[in-house]
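Hi everyone, thanks for coming. Today I'd like to walk you through one structure, so please have the viewer open and follow along with me.

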Amino acid sequence: MPNRRTVLQGAVALAVNAGLIGRAAGQAKWTSDPFQLGVASGCPRPDGFVLWTRLAPDPLSADPATPGGMTGGDVPVTYEVATDPAMRNIARHGRARAEAAFAHSVHEQVSGLSPGRDYWYRFTSGGAQSRIGHVRTAPAIGAATERMRFGFVSCSNYEFGYFSAYRHLAAEDPALIIFLGDYIYEHIDPRAHTRRHSDNAEAKTLQGYRNRYAQYRLDPDLQTLHAAAAALATWDDHEVQNDYADQWSQTFDPPEIFLARRATAYQAFYEHMPVQPHLSRPNGPAMRVYDRFAFGDLVAFHLIDGRQYRSREACYAPPDKGRAHAVNGAICPELLQPGRSMLGRMQEAWLFDGLSRSRARWNILAQDVLMTRLRERQGDGSFDVWSDDWNGYPASRTRVLQHIRDSRVANPVVIGGDIHSFWANELKLDFDDARAPVIATELVGTSITSPPGPEEMFRAYVRDNPNVKFFDGRHRGYVCADILPGRMESRFQIVSDVTDPKATRSTLATAVIEDGRAGVSI
Ligand code: FE
Ligand code: CA
């Protein structure tokens with residue numbers, strides 16, 4: 001088997017366009033590296049995980065469906081899973097398909113492995129070999145588990161900086177990385193100067209979204225992170241369009257037009273994420289991402305979709321209320337309607353059932369946007385809230401918190417992103433009553449690169465919200481959390497300079513949640 005170097009030298013020698021030639025009987029011969037987008041693993045279970053790659057010899061092709069002129073349908077890819085980093089002891093191997101209908105992506109559900117152990121993997125196709133990735137299976141169901149480390153990340157706008165935060169998280173050896181949304185940004189931002197989206201155009205088509213993901217996946221720090229550990233991924237708005245809600249777009253597109261766009265965006269997400277093919281394969285504009293993942297008896301992750309099923313933005317109306325806005329119940333009674341939902345009826349029932357049944361010591365609700373009440377004092381002394389996060393869906397938030405209280409689920413912790421700043425909050429059923437019990441704890445991670453809102457404005461808002469125990473929007477970074485039976489310690493990690501590709505890392509604060517006591521010390 002020629003190594004990657006030989007293949008690449010061959011490419012130079014041939015000096016032909018990227019792609020493959022002479023493919024016959026399932027054998028491809030590559031003239032440029034088809035694994036330029038790297039490898040990824042996801043959805044770890046006690047007996048396996050999903051392995052991902054995408055054959056893309058010409059990653060930013062004008063025609064990503066047939067990169068480099070690939071024709072003739074699916075392309076066979078072999079995969080190997082080993083118990084050692086040198087790939088000597090092969091535990092599993094087989095043949096997967098890079099599906100032409102999904103931009104030649106591979107989603108291989110690997111099973112039959114041992115719980116709670118390290119594996120390494122790689123792909124081979126037509127003489128080309130991918131880099132080696134690392135992944136750890138989850139501990140056996142219910143097994144006594146003493147420790148688990150995971151990272152959570154959100155809001156990586158390529159145009160605003162380098163992904164050093166991803167590189168530093170990879171170095172912390174987490175068992176799991178949770179992507180909470182805004183993994184890509186669909187639009188072009190005139191404020192950004194560090195890097196440019198390759199096509200300098202808003203993604204609106206399958207080709208546009210595919211090439212956006214491909215550009216992000218060419219980033220070496222993001223490749224390092226995906227190769228280091230298994231991912232879980234949910235999305236926020238920018239995977240499709242800023243501030244959209246279900247079928248309602250920010251730009252007042254007719255729902256059927258917007259759903260066609262959403263279908264292409266969801267498909268591109270599927271094509272580039274290590275998600276479970278049996279669960280997440282898109283069906284028109286519908287794609288399921290919500291699911292549950294357990295790590296022994298220690299922790300259950302309830303991964304939630306906060307975009308696809310939500311009610312329309314409150315008081316959504318042309319010409320200027322297509323985007324999230326400050327709103328209150330006096331001007332907008334719709335905000336307070338009891339039927340409004342962030343999760344949709346089916347997902348809410350699924351979540352409540354899972355919380356009721358969970359035997360895990362810690363229960364992490366992984367989702368996209370800020371949940372705590374955040375009232376924003378206006379010049380006349382009245383309060384508004386932001387309509388795009390849980391403050392725009394207060395009845396839905398109340399139902400979730402009531403269920404958490406009534407089900408007595410152990411140690412509920414909500415994690416989120418979207419707001420480009422660090423938060424540690426106490427969630428209550430009555431936010432105005434200082435003595436009301438804390439129902440759950442919320443931790444929000446800052447952005448990988450995306451710019452925050454005005455720091456002083458948020459600091460002023462926070463003064464009217466004693467449920468907020470910590471806020472800082474000045475830094476870019478991520479959260480790295482260690483869960484032990486007795487406590488959860490979450491380090492708010494920051495990078496020195498988002499415009500420096502070699503940025504260093506430090507710890508801004510550590511949030512500690514004690515077993516059996518909702519609330520946070522920081
Ligand atoms: Fe964002
Ligand atoms: Ca967002």
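Let's start with aspartate 236: is it buried or exposed? Its relative accessibility is 0%, so aspartate 236 counts as buried. Before we go on, please keep in mind that this is a predicted model.

What does aspartate 236 do in the model, then? Together with Asp182, Asp237 and Asp418, Asp236 coordinates the calcium ion, which is ligand 2. Each of these four residues is listed with its OD oxygen, and the distances run from 2.2 to 2.6 Å. If you follow the donors along the chain, you get the spacing D-x53-D-D-x180-D. Now look at where two of them sit: aspartate 236 is in the loop between β13 (230-233) and α5 (255-272), while aspartate 418 is in the loop between β20 (412-416) and β21 (422-428), so this pair ties together parts that are 182 residues apart in sequence.

There is a second metal to find here. Which residue bridges the calcium ion (ligand 2) and the iron ion (ligand 1)? That is aspartate 182, and the two ions lie 3.8 Å apart.

Next, please move to helix α5, where you will find glutamine 267. At 17% relative accessibility, glutamine 267 counts as buried, because the cut-off for that word is under 20%. Setting aside residues up to four places away in sequence, glutamine 267 touches Ala101, Phe102, Leu206, Arg210 and Pro282.

Pro282 also turns up among the contacts of our next residue, methionine 287. Methionine 287 lies in the loop between α6 (277-280) and β14 (291-295). With a relative accessible area of 2%, methionine 287 is buried. Its contacts, leaving aside neighbours within four places in sequence, include the aromatic-ring residues Trp235, Tyr266, Phe269, Tyr270 and Tyr309. Ser280, Asp305 and Gln308 are also on that list. You can check one distance yourselves: the C-alpha atoms of methionine 287 and alanine 263 are 8.5 Å from each other, with the two positions 24 residues apart along the chain counted as their separation.

Now for two pairs of helices. Take α2 (residues 164-171) and α4 (residues 220-228) to begin with: their axes come within 7 Å and cross at roughly 25°. The two helices are therefore roughly parallel to each other, and their crossing is left-handed. On the α2 side, the residues that meet α4 are Ser164, Tyr166, Arg167, Leu169 and Ala170. On the α4 side, they are Asp221, Leu222, Thr224, Leu225 and Ala228. By class, this contact divides into six nonpolar, two polar and two charged residues.

The other pair is α7 (residues 345-357) with α8 (residues 394-407), whose axes come within 9 Å and cross at roughly 20°. That makes α7 roughly parallel to α8. What is the handedness of the crossing as α7 passes α8? The crossing is right-handed. Glu348, Phe352, Leu355 and Ser356 of α7 meet a set of α8 residues, among them Arg399, Val400, His403 and Ile404. This contact has four nonpolar, four polar and two charged residues.

One last stop, in strand β8 (residues 118-125), where threonine 124 has its place. Threonine 124 is buried, with a relative accessible area of 7%. Its C-alpha atom and that of glycine 38 are separated by 12 Å, and the two residues are 86 apart along the chain.

That's my tour, so thanks for listening!

Key. Residues are numbered from 1 along each chain as its sequence is written. Chains are lettered from A and ligands numbered from 1 in the order in which they are written. This is a predicted model: local features need pLDDT of at least 70, side-chain atom pairs count only at pLDDT 80 or more; totals for chains, interfaces and linings use all residues. Side-chain values use heavy atoms; hydrogens and water are left out. Axes are lines fitted to C-alpha atoms, for helices over the stretch in contact, and angles run from 0 to 180 degrees between N-to-C directions. Helices (H or I, at least four residues) and strands (E, at least two) are DSSP runs, numbered from the N terminus. Angles under 35 degrees count as roughly parallel, over 145 as roughly antiparallel, 65 to 115 as roughly perpendicular and the rest as oblique. A crossing is left-handed if the near helix is turned anticlockwise from the far one by less than a right angle, and right-handed if clockwise. Contact means heavy atoms within 4.5 Å. Ala, Val, Leu, Ile, Met, Phe, Trp, Tyr, Cys and Pro count as nonpolar, Asp, Glu, Lys and Arg as charged, and the others, Gly among them, as polar. Donors are N, O and S atoms within 2.8 Å of the metal (3.2 Å for Na, K and Ca); water is not among the atoms, so sites may look incomplete. Buried means under 20% relative accessible area, exposed over 50%, partly exposed in between (1.4 Å probe, protein chains only).
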